[in-house]
Amino acid sequence: MAEGVKNILVVDDDLTNRLILCSLLKASGYKCIEAENGKEAVQAVEGNDIDIVLLDVMMPVMDGYEAAKIIKQSSSRFVPIIFLTAMTDEAALVKCIDSGGDDFLTKPYNHALLNSKINSLLRIAELYKNIEDQNKDITEKNFQVEQEMIVTMKLFKKVVNNDLRGEKTGLNYSMSPMSMFNGDLILAEKNQTSGLEILIADFTGHGLSAAIGALPVSDVFHSMTQKGFSFADTLVEANLKLMELLPTNMFMAGALVSVDRSNNVLSVVNAGLPDLYLLRNGSIVHTFKSKNIPFGISKFSAAQIEFEMQILEYGDRLIAATDGLMEANNPQGEMFGINRLLNVFKESTQEENLLGKILKECNGFCDGAEQTDDITLLEFCHLENVKYETDEVTQVEYKEPSDWSLQFNFDIKSLRQFDVLPYIMNAVNQLQPIESGCTTVKTVLTEMFSNALDHGILKLDSSMKNSPQGYMEFYQEKQKRLESMTDGHIQVSINHELNAEGGGTLTMHLMDSGEGYNFKDINTEKNKYSGRGMRLISSLCSDVRIMGKGNSIMAVYSWSKDDL
Amino acid sequence: MSISINVAADKKSATIKIIGRFDFSLHNDFRKAYKDVTLSSGEYVVDLSSTEYLDSSALGMLLLLKEHADAQACKIRLTGFSDEIKEILTIASFDKIFIVG
């Protein structure tokens with residue numbers, strides 16, 4: 001059928017009536033289909049592309065009222081019905097409309113009136129069709145959005161999934177189900193000190209656009225932390241990735257929390273998040289304010305990151321939240337705000353589940369008011385006995401041992417600019433996977449390296465580390481000396497030889513440009529915060545020698561195939 | 001909610017004033033306000049004295065304006081803000097990338 005020619009169904013049991021109507025309609029350019037009764041009419045509408053129905057009332061088999069009802073109920077689209085009737089009493093006309101008719105025309109027909117009624121109803125049908133098409137479009141689009149949401153949800157679940165949360169680990173957090181679509185993110189990974197690195201972040205933007213940023217951040221965070229990079233290096237890298245990926249107006253506000261379990265020190269980098277609180281026995285010991293530009297806005301170096309350190313005592317709690325908590329509003333439009341949060345702190349006891357209490361207070365305050373932002377809240381409790389297990393299983397594949405040697409030289413500039421150890425470890429791991437995660441070799445090299453740098457080159461006094469407070473001063477002094485030092489270098493030589501047991505012997509040799517130190521003194525120091533480095537190396541290695549003027553150290557570690 | 005822009009006759013400064021809530025609903029208007037403005041040198045002033053509220057998408061819009069200003073070697077100054085807005089700007093450390101005050 002040509003586009004634009006409308007099909008009109010003429011329903012009348014009287015042949016003469018049908019003939020008259022059809023000739024009128026054909027003259028006006030319509031195509032006619034005929035039916036003798038209501039039943040035929042219903043069938044015709046089902047089987048043909050009928051645009052309008054002209055329906056007689058009184059007919060055998062099925063009358064017009066009944067037919068109109070069925071047509072209106074069964075048709076998914078709008079099929080206009082005009083009743084043709086000789087009746088003029090009001091009740092009959094009302095019944096026409098009630099049974100589904102859209103208009104009526106009384107016999108005898110006026111040609112002009114019939115045409116104008118048909119035209120008017122066809123226009124309405126056209127409107128209906130447009131709306132229907134739009135609805136279909138919207139339904140399809142909604143379906144697409146839903147599919148995207150499911151994909152995003154899956155991506156995000158992968159990203160944020162880790163087993164570090166729980167009562168035993170002290171890490172607990174709450175993310176409302178839709179907060180993923182508001183771009184909230186929590187990541188945690190075990191660090192080199194058997195402590196944790198935690199990232200809590202909030203992307204501007206929603207849904208997929210926020211997920212786009214979360215993926216690389218998660219990647220960088222997990223892989224660099226596993227490899228032993230410092231949080232500063234990790235953040236520099238994550239920031240670069242975000243700058244590459246995110247459009248100008250999007251960024252990630254976030255805080256990195258680093259828990260050093262060797263020294264019981266907490267370091268926090270806050271870049272655009274609300275204050276983080278460190279609580280001890282229910283009172284605030286420290287407030288970590290945002291001191292950095294959020295990520296993904298401008299480039300920065302590791303040295304430019306502003307962070308704060310605090311000594312941790314067992315039982316200390318850190319509370320962090322994205323701005324959804326502070327901005328949660330009640331039906332009166334008031335915000336939850338800092339003061340209410342501080343009150344919860346005041347009223348809480350050490351044993352309480354603080355996270356649950358904050359959420360409960362906030363929910364009570366909101367009293368069911370619709371929230372514009374979702375609430376992401378994190379609590380970290382520093383526990384005495386805890387072992388973090390990541391779901392990451394490092395399977396070491398046996399690699400036929402071979403003979404090789406590596407030598408690295410680092411001048412003061414490279415020592416200042418980046419953490420060189422992860423690069424060395426990476427090289428060793430690639431050449432010869434020795435044990436799961438190379439933990440022992442990593443520990444030995446880390447201790448040797450920090451001895452060479454801290455004491456050999458930077459001449460820091462390790463007795464500074466005798467007290468927790470001293471440890472932080474030690475760290476600050478180290479940064480200061482690293483910045484101002486103009487000379488110095490460290491040479492690292494690593495040699496691997498295969499041995500008879502199908503394993504190998506790794507000889508690690510470090511030499512620094514310092515004046516050396518009296519290792520005997522250090523060895524005899526019996527305190528918690530220093531001297532343990534040397535003891536650790538000796539306990540892990542088969543042979544340890546300090547050579548030269550005390551600026552050179554060699555350690556030998558042997559492994560067999562069974563160690564894998 | 002509305003945005004107006006006033007470019008100085010010497011083309012050395014342009015002032016964008018935001019009245020009401022500065023949030024995502026102003027995205028297009030804010031962009032439109034400055035996109036055809038080219039300053040010979042000088043600064044873009046964002047007048048926040050009549051701004052009630054500013055959210056993170058507004059911070060994003062300011063970063064877009066910064067991109068526009070950077071291309072013309074111009075600075076951006078944020079002025080007239082309330083204490084609440086100042087708090088938001090401080091948390092985001094925007095005082096490090098914009099002239100504030």
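1. Start with what lines the second largest pocket in this predicted model. Elements from both chains supply at least two residues each: on the chain A side these are strand S8 (196-203), helix H8 (323-326) and helix H9 (337-347), and on the chain B side strand S4 (51-54), helix H2 (56-71) and helix H3 (83-91). Which of them gives the largest share of the lining? That's H3(B), with six residues.

2. Now for the pocket itself. The volume of the second largest pocket comes to about 1,500 Å³. Its lining is made of 49 residues. If you want to find the middle on screen, pick out Asp323(A), Glu327(A), Tyr53(B), Asp55(B) and Ser56(B), which lie nearest the centre. As for the chemistry of that lining, you get 21 nonpolar, 16 polar and twelve charged residues.

3. Next, have a look at how the two chains meet. Chain A puts 16 residues into the contact, and chain B puts in 16 residues too. Between them, about 1,200 Å² of area is buried, with carbon and sulfur atoms giving 65% of that. Which residues of chain A lose the most area to chain B? They are Thr248(A), Asn249(A) and Ile293(A), and together they make up 40% of what the chain A side buries.

4. Chain A also has a helix pair that's good for practice. Helix H12 (residues 421-431) and helix H13 (residues 439-457), both in chain A, pack at an angle of about 145 degrees, and their axes are 11 Å apart. The crossing of H12(A) past H13(A) is right-handed. From H12(A), the residues to click on are Leu421(A), Ile424(A) and Met425(A); across from them in H13(A) sit Val441(A), Lys442(A), Leu445(A), Thr446(A) and Phe449(A). Sort the residues of this contact by type and you have six nonpolar, one polar and one charged.

5. Last, try a single residue, Leu498(A). You'll find Leu498(A) in strand S17 (residues 489-498) of chain A. How far apart in sequence and in space are Leu498(A) and Asp403(A)? The sequence gap is 95 residues, but C-alpha to C-alpha the two are 6.2 Å apart. Leaving aside residues up to four places away in sequence, Leu498(A) touches Pro401(A), Ser402(A), Asp403(A), Gly503(A) and Gly504(A). So Asp403(A) turns up again here, as one of the residues that Leu498(A) touches, by the cut-off of heavy atoms within 4.5 Å.

How values were computed:
Residues numbered from 1 in each chain as written. Chains lettered and ligands numbered in written order. Predicted model: local features only at pLDDT ≥ 70, side-chain atom pairs only at ≥ 80, totals over all residues. Heavy atoms only, no water. 1 Å grid on protein atoms, 1.4 Å probe; cavity = no way out; pocket = protein on both sides within 12 Å on 5 of 7 lines; lining within 4 Å. Points joined across faces, edges and corners; volume = space filled by probe spheres on them. Helix = DSSP H or I, 4+ residues; strand = E, 2+ residues; numbered from the N terminus. Nonpolar A, V, L, I, M, F, W, Y, C, P; charged D, E, K, R; others polar. Axes fitted to C-alpha atoms, helices over the stretch in contact; angles between N-to-C directions. Left-handed = near helix turned anticlockwise from the far one by under 90°. Buried area = accessible area lost by both parts, 1.4 Å probe.
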